[in-house]
Amino acid sequence: MSVIKVPEADVSGWKCAACGEELVSMPVELEYLESLFTVELPACPACRFVLIPEELALGKMHQVEQLLEDK
Amino acid sequence: MNRATESVCPVCLSRIPARHETVGGDTFLVKVCPDHGAFRAVVWRGDPGFREWSRPKIPSRPGTPFTKVEQGCPFDCGLCEAHRQHSCTAVMEVTWRCDLGCPVCFASSGVDAPPDPSPEEFGMLLDRVVEASGYCNIQLSGGEPTMRDDLPGLVRQAKSRGFGFVQLNTNGIRIGREGGYASALADAGLDSVFLQFDGTRDGIYKALRGRPLLERKLAAIRALAEAGIGIVLVPTVVPGINDDDLGAIIRFAAENSPAVRGVHFQPVSYFGRYPEPPADAQRITLPEIMNLLEEQSGGVMRASHFQPPGCEHSHCSCHANYVVIEDGGLTRLAGNGGCGCKPRPASEGADRAKAFVKRQWAASGPDLPMAGSGDDLDRFINRASSHMLAVSAMAFQDCWTLDLERLKGCCIHSVAPDGRLIPFCAYNLTSQRGETVYRGKCDGPVRA
């Protein structure tokens, strides 16, 4: 699957608290119940800590989670 | 490896000790009746192994048990206070008439059928389901329910009383034949059809149902798709008859996605009168179905994709979910979170199964217009929500294979005419001579 870009993942104004680096957009692998999604998300270029914006977590990621919920 | 349990004697139906004996990769239920001798029937062949196929549950007792423990399992069903699982599905037989006389039938339908329950009696039985199990999923069964001209009225009655998911178990003959019938059922609120669909060749229907029915099945599928009723294909799998057609059934289901929502295989079980016990060669078990699906799908499906159930007893079923992608191929959608080895409350599994079935086995909503808007994640969400195909298999138990541990965890409950809820395999249990424990012996009236 190609890299998924989501408009919610806006990097501007975010800085890594631990490293002090400006976050940059980079492809991040999200795994849920053995399904893998590569999504471009803000992350710290130094420690690779990823920011998942609240809108994404409560929006599309929640929808994917519901789709993958099983019996 | 031996696992002790209890079963019944196939001849006299007395409760007797039993054990599971695994030899090589095959597991047998072995039991001895003091009066009628030893019995041995295969219940599991091959990998994944019988012992590993486990998803333990903490028993959830019925909220309102209708019967006390007096004679012990399986003779106190109602549900009794010792039952270990809530109802996921209440099966309601609305007629015992049938327009087919199949050699394989749980209900021995069609011969000297008693009168159909009246709409009032049906309503009283719905009240009993609410009292016992709340608003669980409802399956209207029979007999062949479409023999009743007032079937849409029964669907409407169940929906208007608040049951969120109503499914019809049918051979599809009337639905395919009678213009406007599927839409009448849809207008009444029917969510889903459990369509008897044994294969993609007419020879299979001739062998199992006594006549060629493929064209009629295709007509039913067209009518249901047009009416917006979710379709689950339900093949009864019989060794030597249609066990070579499982991959073709999946391909057919994928071609007919999203109208077809799932395929639910039922390995043949033996109810009714059998002068001789069925030979092991006449049985097919869950791991064999998983492995045949892997072989016959060219490896697109894998036996390892399948998971044990969170609702019914582990050894009763398996399931895996796929998305039908644009070119008609399948992509596996999900596994279960975690190892499934930590016991969870049974009722939690029942609630999840009810919600999954309600969502997946009903028709998908209209596709959202995506052209020009949305990203890849949106497109994935859109495709997966409309084109998921749920593949499952459920092994029913007959008098040779009955494991009372499994029966105690059953979540598919037949609603007897007298208002008792009876685990499906107990309700349909017959001795080798065809004698029943419950069917025909709890004919009502509804007991309050």
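This is a guided tour of a two-chain structure, moving from whole chains to single residues. The model is predicted.

**Stop 1: chain A**

Select chain A and colour it by secondary structure. Two helices and three strands make up its secondary structure. Followed from the N terminus, the elements appear in the order β-β-β-α-α. With the C-alpha trace displayed, chain A spans about 45 × 20 × 20 Å along its principal axes. Of its 71 residues, 21% are buried. Among contacts in chain A with a separation of 6 or more, 54% join residues that are 24 or more positions apart.

**Stop 2: chain B as a whole**

Now select chain B. It contains twelve helices and 18 strands. Its C-alpha atoms fill a box of roughly 75 × 50 × 45 Å, taken along the principal axes. Does the radius of gyration of chain B agree or disagree with that of a compact globule? A compact globule of 448 residues would have a radius of gyration near 22 Å, and chain B has 21 Å, so the two agree. Buried residues account for 51% of the 448 residues in chain B. Among its contacts with a separation of 6 or more, 72% are between residues 24 or more positions apart.

**Stop 3: helices α1 and α2 of chain B**

Select residues 119-133 of chain B, which form helix α1, together with residues 151-160, which form helix α2. The two axes come within 11 Å and cross at roughly 30°. Because an angle under 35 degrees counts as roughly parallel, α1(B) is described as roughly parallel to α2(B). The crossing of these two helices is right-handed. To see where they meet, show the side chains of B:Pro119, B:Phe122, B:Gly123 and B:Leu126 in α1(B), and of B:Gly153, B:Leu154, B:Gln157 and B:Ala158 in α2(B). By class, this contact has five nonpolar, three polar and no charged residues.

**Stop 4: helices α4 and α6 of chain B**

Next, select residues 181-188 of chain B for helix α4 and residues 214-227 for helix α6. Their axes come within 8 Å and cross at roughly 40°. The helices α4(B) and α6(B) are therefore oblique to each other. Here too the viewer should show a right-handed crossing, as α4(B) passes α6(B). On the α4(B) side, the residues in contact are B:Ala182, B:Ser183, B:Leu185 and B:Ala186, and they meet B:Ala223, B:Leu224, B:Glu226 and B:Ala227 in α6(B). Sorted by class, the contact has six nonpolar residues, one polar and one charged.

**Stop 5: helices α7 and α8 of chain B**

Move on to residues 246-255 of chain B, helix α7, and residues 286-296, helix α8. Their axes come within 8 Å, and the crossing angle is roughly 70°. How are α7(B) and α8(B) oriented to each other? An angle from 65 to 115 degrees counts as roughly perpendicular, and α7(B) and α8(B) are therefore roughly perpendicular to each other. The crossing is right-handed. Display B:Leu246, B:Gly247 and B:Ile250 in α7(B), which meet B:Ile289, B:Leu292, B:Leu293 and B:Gln296 in α8(B). The classes in this contact are five nonpolar, two polar and no charged residues.

**Stop 6: around helix α8 of chain B**

Keep α8(B) selected and highlight its buried residues: B:Leu286, B:Pro287, B:Glu288, B:Ile289, B:Met290, B:Leu292 and B:Leu293. These buried residues pack against several elements of chain B, namely β4 (37-45), β11 (236-237), α7, β12 (260-267), β13 (317-324) and β16 (388-394). Just after α8(B), select B:Gly298, which takes a positive phi of about 65°.

**Stop 7: B:Val43**

The last selection is B:Val43, a residue of strand β4 of chain B. Is B:Val43 buried or exposed? There are 22 other C-beta atoms within 10 Å of B:Val43, so this residue is buried; the cut-off for a buried residue is 20 or more. Leaving aside residues up to four places away in sequence, B:Val43 touches B:Thr27, B:Phe28, B:Leu29, B:Thr285 and B:Thr401. To finish, draw a distance line between the C-alpha atoms of B:Val43 and B:Asp244: they are 20 Å apart in space and 201 residues apart in sequence.

Definitions and conventions. Residues numbered from 1 in each chain as written. Chains lettered and ligands numbered in written order. Predicted model: local features only at pLDDT ≥ 70, side-chain atom pairs only at ≥ 80, totals over all residues. Axes fitted to C-alpha atoms, helices over the stretch in contact; angles between N-to-C directions. Helix = DSSP H or I, 4+ residues; strand = E, 2+ residues; numbered from the N terminus. Parallel < 35°, antiparallel > 145°, perpendicular 65-115°, else oblique. Left-handed = near helix turned anticlockwise from the far one by under 90°. Contact = placed C-beta atoms within 7 Å. Nonpolar A, V, L, I, M, F, W, Y, C, P; charged D, E, K, R; others polar. Rg over C-alpha atoms; globule rule 2.2 N^0.38 Å. Buried ≥ 20, exposed ≤ 12 C-beta atoms within 10 Å, placed from the backbone.
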